[in-house]
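Trainee: Could you take me through one part of this structure closely? I would like to see how its helices and strands fit together.

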Amino acid sequence: YNSYPFLESFEESRVHLDELTSRKQSGIGNVIRVSSTQYALTLVNTVMDGNDQIGSVVCLLDLDKVYEDYIQPLESEGDIQIIVKNDKGTVIMHPEKKMIQFNPLRDIENLDTLPQYAGMYEMLQREYSQEEGTAIYKAYSNDILPAREEICAFSRMNLSGTSWYVSAVMPYSDVTHTVNTNLNHFALLLTLVMVLIAASLFIIYSLIKNREKLQMEASWLRNLNHTLEELQESREEVRHYQKIQTIGSLTSEISHEFNNLLTPILGLSEFVRNRLGPESEYYEDLDEIHEAGARAKEIIQQILHFSRRENGPSTFTVVSLDGVLFDSLKMISMLLPSSVTLRKEILDEKMNVFGSATQIPQVVLNLCSNALQAMEKTGGTLTVMMKKVQRNELPENYQPARKGEFAMSSVQDTGCGIPPEILPHIFDPFFTTKEDGEGTGLGLSVVKDILISHGGCITADSTPEKGSCFTFYLPLIDADAAADEQLYHAENSAYEKK
């Protein structure tokens with residue numbers, strides 16, 4: 001009908017109607033320039049009658065109207081321009097009318113050679129060869145628009161065998177401004193977060209320091225309290241030890257007095273018994289008086305022997321260990337209650353050690369005395385054993401420098417036993433589980449010190465309600481070695497006196 005309402009005048013030959021009709025196809029035709037600033041798109045619909053073509057209906061689609069209705073609304077947010085180029089790279093849609101028909105490859109001289117066009121030329125090559133992509137470049141338009149640095153995203157659209165190139169362009173400065181603004185906001189937010197973290201850390205550090213200070217003060221107060229308690233206990237121990245020293249002195253004096261009283265009893269009873277003779281009816285009575293006095297004197301001698309206070313270093317000589325054990329057990333048997341049975345197992349004899357003749361018996365008596373006290377309520381059996389052992393039979397925690405044989409002696413009872421939590425502390429000075437006034441807590445500590453001074457050691461094993469066993473070891477010595485030890489000890493004693 002040759003009606004073109006959006007055009008004032010139009011040269012219809014530009015549509016090439018004969019060519020479009022001869023194709024006998026329906027669809028999108030060509031992009032044609034209908035004016036100096038306007039392009040249109042031909043839409044073809046072939047009309048058929050059976051297999052015969054009656055003709056074709058050709059419509060011109062105003063691309064300006066398409067741009068205005070469908071593309072321009074997309075540019076409302078920000079300074080974004082959407083540009084459409086045909087297959088030859090000519091601008092057919094642009095927000096600036098004066099850019100219609102601009103073709104960079106055709107209109108810019110030396111585009112492919114001049115350095116200032118390098119970014120734009122590379123972008124065009126990528127746009128015409130790739131399906132889609134992005135690029136940053138400086139745009140030139142032969143002074144149609146001012147040159148500026150741009151960032152674009154492009155995509156190729158295929159229409160009926162031809163290609164259109166659509167690109168969204170915006171100033172690169174807007175991107176950098178947005179990025180810098182976001183970075184500034186992020187930096188500000190990060191600064192606030194760091195300030196909050198620093199403040200939190202400072203508060204936490206202050207709380208920790210205050211807590212540590214309180215803990216130190218509490219620990220100091222606990223230590224002070226513990227020190228005061230130990231000081232009080234030490235005062236009590238000193239007073240208790242002074243009492244023991246006083247009792248020891250009184251015991252020694254009382255023993256001497258008893259010894260003086262026993263002397264005339266023994267002498268007169270023996271004198272009268274011998275004068276009357278065995279034929280007298282009073283002979284046996286006098287004999288019992290004499291024997292009782294002799295036993296009492298022997299007990300007094302033992303008490304004097306162990307209550308005597310030595311001045312200066314102890315005198316070390318060759319001591320018969322089996323003899324000491326025999327004498328000590330003889331004294332223990334006199335004090336043995338009827339509910340306790342004494343069993344001796346002397347497996348070896350003639351065992352000599354180099355030591356103090358007053359200290360070694362004290363070890364045996366203290367251990368036996370503790371065993372008797374453990375069986376005081378229930379009774380039981382007191383077993384004392386002594387034998388020789390070799391170096392490889394010694395406990396792991398006892399590694400003496402002396403070689404040769406050793407004496408092993410044990411004192412075992414069937415009493416109440418010692419709880420496991422108390423066993424590691426029984427050799428500590430003044431440690432006792434007895435009630436006040438019943439024990440000093442020095443017995444086992446003295447035993448351990450004596451054995452260490454003699455080059456020996458002691459171990460303890462116990463099971464509650466079954467009994468305890470104390471085993472001590474001392475190095476044995478022969479006659480020649482005893483003489484050398486005695487000479488060495490005498491020289492050391494003389495040096496100490498100097």
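Mentor: What follows is a walk through one helix pair and its core, then a look at a sheet elsewhere. Keep in mind that this is a predicted model.

Start with two helices. H8 spans residues 359-374, and H9 spans residues 443-453. Their axes come within 9 Å and cross at roughly 145°. The crossing is left-handed. Two packed helices are described by just such a pair of values, the angle between their axes and the distance between the axes.

Now look at who touches whom. H8 brings Gln359, Gln362, Val363, Asn366, Leu367 and Asn370 to the contact. From H9 come Gly443, Leu444, Val446, Val447, Ile450, Leu451 and Ser453. Sort these by class and you get 7 nonpolar residues, 6 polar ones and no charged ones.

Next, step back to the core. The largest nonpolar core has 37 residues. Leu321, Leu367, Cys368, Leu382, Ile458, Phe470 and Phe472 have the most contacts inside it. Several elements each supply at least two residues: helix H7 (321-335), H8, H9, and the strands E12 (380-389), E13 (406-412), E14 (457-463) and E15 (467-475). H8 gives the most, with 8 residues. In soluble globular proteins, nonpolar side chains tend to be buried together.

Zoom in on Phe472. Setting aside neighbours within four places in sequence, Phe472 is in contact with Val363, Val364 and Leu367, among others. Its other contacts are Ala407, Met408, Ser409, Leu451, Cys457 and Ile458. Another core lies apart from the largest one. This other core has 30 residues, including Met99, Ile100, Phe102 and Met120.

Finally, turn to the sheet. It is open, with 5 strands in the order E5-E4-E8-E7-E6, and the pairing is antiparallel. Strand E5 (91-93) and strand E6 (132-139) stand at the edges. Each has a single partner strand, so one side of each is left without a neighbour in the sheet. On average, neighbouring strands are turned by 35° against each other, direction ignored.

Take one pair of strands. E6 pairs with E7 (residues 148-159) over 8 bridges, in the antiparallel sense. Tyr137 stands opposite Glu150 in E7.

Helices touch this sheet too. H2 (residues 63-71) packs on it, touching E4 (81-85), E5 and E8 (162-171). The direction of H2 makes about 60° with that of E5. H4 (residues 118-129) lies across E4, E6, E7 and E8, running at about 160° to E6.

Methods:
Residues are numbered from 1 along each chain as its sequence is written. This is a predicted model: local features need pLDDT of at least 70, side-chain atom pairs count only at pLDDT 80 or more; totals for chains, interfaces and linings use all residues. Side-chain values use heavy atoms; hydrogens and water are left out. Axes are lines fitted to C-alpha atoms, for helices over the stretch in contact, and angles run from 0 to 180 degrees between N-to-C directions. Helices (H or I, at least four residues) and strands (E, at least two) are DSSP runs, numbered from the N terminus. A crossing is left-handed if the near helix is turned anticlockwise from the far one by less than a right angle, and right-handed if clockwise. Contact means heavy atoms within 4.5 Å. Ala, Val, Leu, Ile, Met, Phe, Trp, Tyr, Cys and Pro count as nonpolar, Asp, Glu, Lys and Arg as charged, and the others, Gly among them, as polar. A nonpolar core is a set of buried Ala, Val, Leu, Ile, Met, Phe, Trp, Tyr and Cys residues joined through side-chain atoms within 4.5 Å. Buried means under 20% relative accessible area, exposed over 50%, partly exposed in between (1.4 Å probe, protein chains only). Two strands pair if DSSP finds at least two bridges between them.
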